[in-house]
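Let's take a walk through this protein together, starting from its strands and working outwards. Have the sequence and the 3D view ready as you read.

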Amino acid sequence: MTRGGSPAVRVGIVGLGYMGLATGLGFAAHGASVVGYDVKPEIRRSIELGRSPYRESGLGALLRAQRRSGRLRVVETPRDLVGAADGIFLCVPTPAGPTGRIDLRPLEGAVRDLGSALRDTRGYRIVVVKSTVVPGTTESLVAPELRRRSKRRPEGLGVASNPEFLAEGSMVHDAVSPERIVVGTRDARALAWLRRAYRPFGAPILALTPSGAELVKYSSNAFLALKVSFANEVARLADRLGSNVDEVLEAVGRDSRIGPRFLRAGPGFGGSCFEKDLRALAARSRELGVRLRSAEAALRINEEQLAYVLGLIRAAVGSLRGKRIALLGLAFKAGTDDVRETRALPIVQRLVAEGALVRGHDPGALDNFRRLWQREAGRGRGRLDLVSSVDEALEGADAAVLQADWPEYSRWSARWTRRMRHPVLLDLRRAVDRERVADSGLTVIGLGAGVFPRIRRHGGGGGR
Ligand SMILES: NC(=O)c1ccc[n+]([C@@H]2O[C@H](COP(=O)([O-])OP(=O)(O)OC[C@H]3O[C@@H](n4cnc5c(N)ncnc54)[C@H](O)[C@@H]3O)[C@@H](O)[C@H]2O)c1
């Protein structure tokens, strides 16, 4: 029972990855009875033991609290899940295929398992597609396949789209207190159930068609990616003009028509969503005879940003051959251990290809990056050392590159400067206060901070 005395809504989560776990915990925190299932036994075990499989601020504490409350349980099969849930949320991966089109095989597999499990269960159920899928997928693929497998008629099985907008780094907040809920369904009963399930969240619920809801998700990500790419272009211009991109964009973002979030320059966007979603959106739009030039441009600018970062490093260090570079921050952004599409990977690859020796550090993503590097190193194997302290990373370095702005890096210690052979920091996020560390002898070159042209004029000799 909920505090109000009505029975708790029964939620099922299929796929306990970053998004599925946070979603399940969000529902549990609002009093729902949640059951979760993942194909990977190690993920099920970890969650059952109250240990978060992912490093993300607040996630472990919320998981322990909800395991203690008994509102989050893990089950061993899809059949157990459909027995204990009325609304089942599909949270499985939807990666990009080789041509940029979405790879629907994990979703198809989950739908098959769920359809078979539903055949043996009684009572109305709703299946909700929460994974990011190209517009049309819920109605043209998920609903018919579920009906075929489960042998259920529409009266016994509601289908809906309910895209998720949480961001890694602020997942717990976003899952517990979303700004809006977007629901796409043609089934009134499914909509009523979703309204009831989401009522405790207190966020506005926007009801659309399934393809409309799916398009909201892609449009949001395309717009956010465009904001990042736009900020990166302004940063390049600020460097030429000797202006500071943060001061400029803070003033721009204070216009409520624009807004400050995601208007931040850096090494380019990474993470599991933006690139794959933009590529999928661009590919699907082309199939429909529409060119989404803005999404294509956001991707192209993001690629160029990598070249810009490398140009910045070369301008400060000169030839990279035999140079020791410390790379601080390997996750795709601070606050997470997620290294999917992290910019740290292509940066290391390019640095080692030009003959540098790299030492990488990250407060949370070291193990994940090690596994990624083992897969992707190619001929760079042996030229990257992953170390567990900033001191080790900086020992004898010819330059340091700050890729993800973990708070510990911004509290730069004078001791770190002394470890370096040439105390130059390329601060891709402008996390370190230049004035504060100047006494220690550290030269900080912030991307977009307006000092790049000066380094170039000095002939790339270290900028000191
Ligand atoms: N990560 C995010 O920040 C985020 C935000 C919004 C939307 N999304 C979307 O959510 C979806 C999931 O993303 P993620 O980052 O959580 O992925 P993830 O890879 O972290 O997690 C997916 C999980 O699903 C499991 N899985 C795969 N097939 C399954 C099956 N048949 N049955 C049960 N479990 C299965 C995997 O073992 C894995 O644990 C994607 O579509 C993504 O685009 C992600």
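## Strand β4 and its partners

Which residue stands opposite Leu90 in β4? It is Val14. Keep in mind as you look that this is a predicted model. Val14 belongs to the strand pairing of β1 (residues 10-14) with β4, which runs in the parallel sense over four bridges.

β4 (residues 87-90) also pairs with strand β5 (residues 125-129), again in the parallel sense and over four bridges. Here the bridge partner of Leu90 is Val129. Leu90 thus has a bridge partner in β5 and a residue opposite in Val14. Is β4 covered or open on its two faces? Both faces are covered: Gly87 and Phe89 on one side are buried, and so are Ile88 and Leu90 on the other.

## From β4 to β5, and the ligand

Between these two strands comes helix α5 (residues 105-119), and β4, α5 and β5 together make a right-handed β-α-β unit. Helix α5 is worth a second look for another reason, the ligand: α5 gives the most to the shell around the ligand, with four residues.

In total, 27 residues surround the ligand, and Gly15, Gly17, Met19, Ala110 and Ser131 come nearest. Two elements give two or more residues to this shell, namely α1 (18-29) and α5.

## A core between two domains

Let's return to Val14. In the largest nonpolar core, which has 146 residues, Val14 and Val401 touch the most other members. Helix α12 (residues 293-317) supplies the largest share of this core, eleven residues. Domain 1 (10-208) and domain 2 (224-464) both contribute residues, so the core lies between them. In soluble globular proteins, nonpolar side chains tend to be buried together.

What does Val401 touch, leaving aside residues up to four places away in sequence? Its contacts are Ile313, Ile325, Leu327, Leu328, Ile347, Leu426 and Leu428.

## Two loop residues with positive phi

Two residues deserve a look at their backbone. Glu341 is not a glycine, yet its phi is positive, near 55°. You will find Glu341 in the loop between β9 (324-328) and α13 (344-353). Glu341 is partly exposed, because 18 other C-beta atoms lie within 10 Å.

Arg430, also not a glycine, has a positive phi of about 55°. Arg430 sits in the loop between β13 (424-427) and α18 (434-438). Is Arg430 buried or exposed? With 23 C-beta neighbours inside 10 Å, Arg430 counts as buried, since the cut-off is 20 or more.

Technical notes:
Residues numbered from 1 in each chain as written. Predicted model: local features only at pLDDT ≥ 70, side-chain atom pairs only at ≥ 80, totals over all residues. Buried ≥ 20, exposed ≤ 12 C-beta atoms within 10 Å, placed from the backbone. Pairing = 2+ DSSP bridges. Right-handed = clockwise from strand over helix to strand, strands pointing away. Core = buried A, V, L, I, M, F, W, Y, C linked by C-beta atoms within 7 Å. Domains from an automatic or database assignment. Contact = placed C-beta atoms within 7 Å. Near = placed C-beta within 6 Å.
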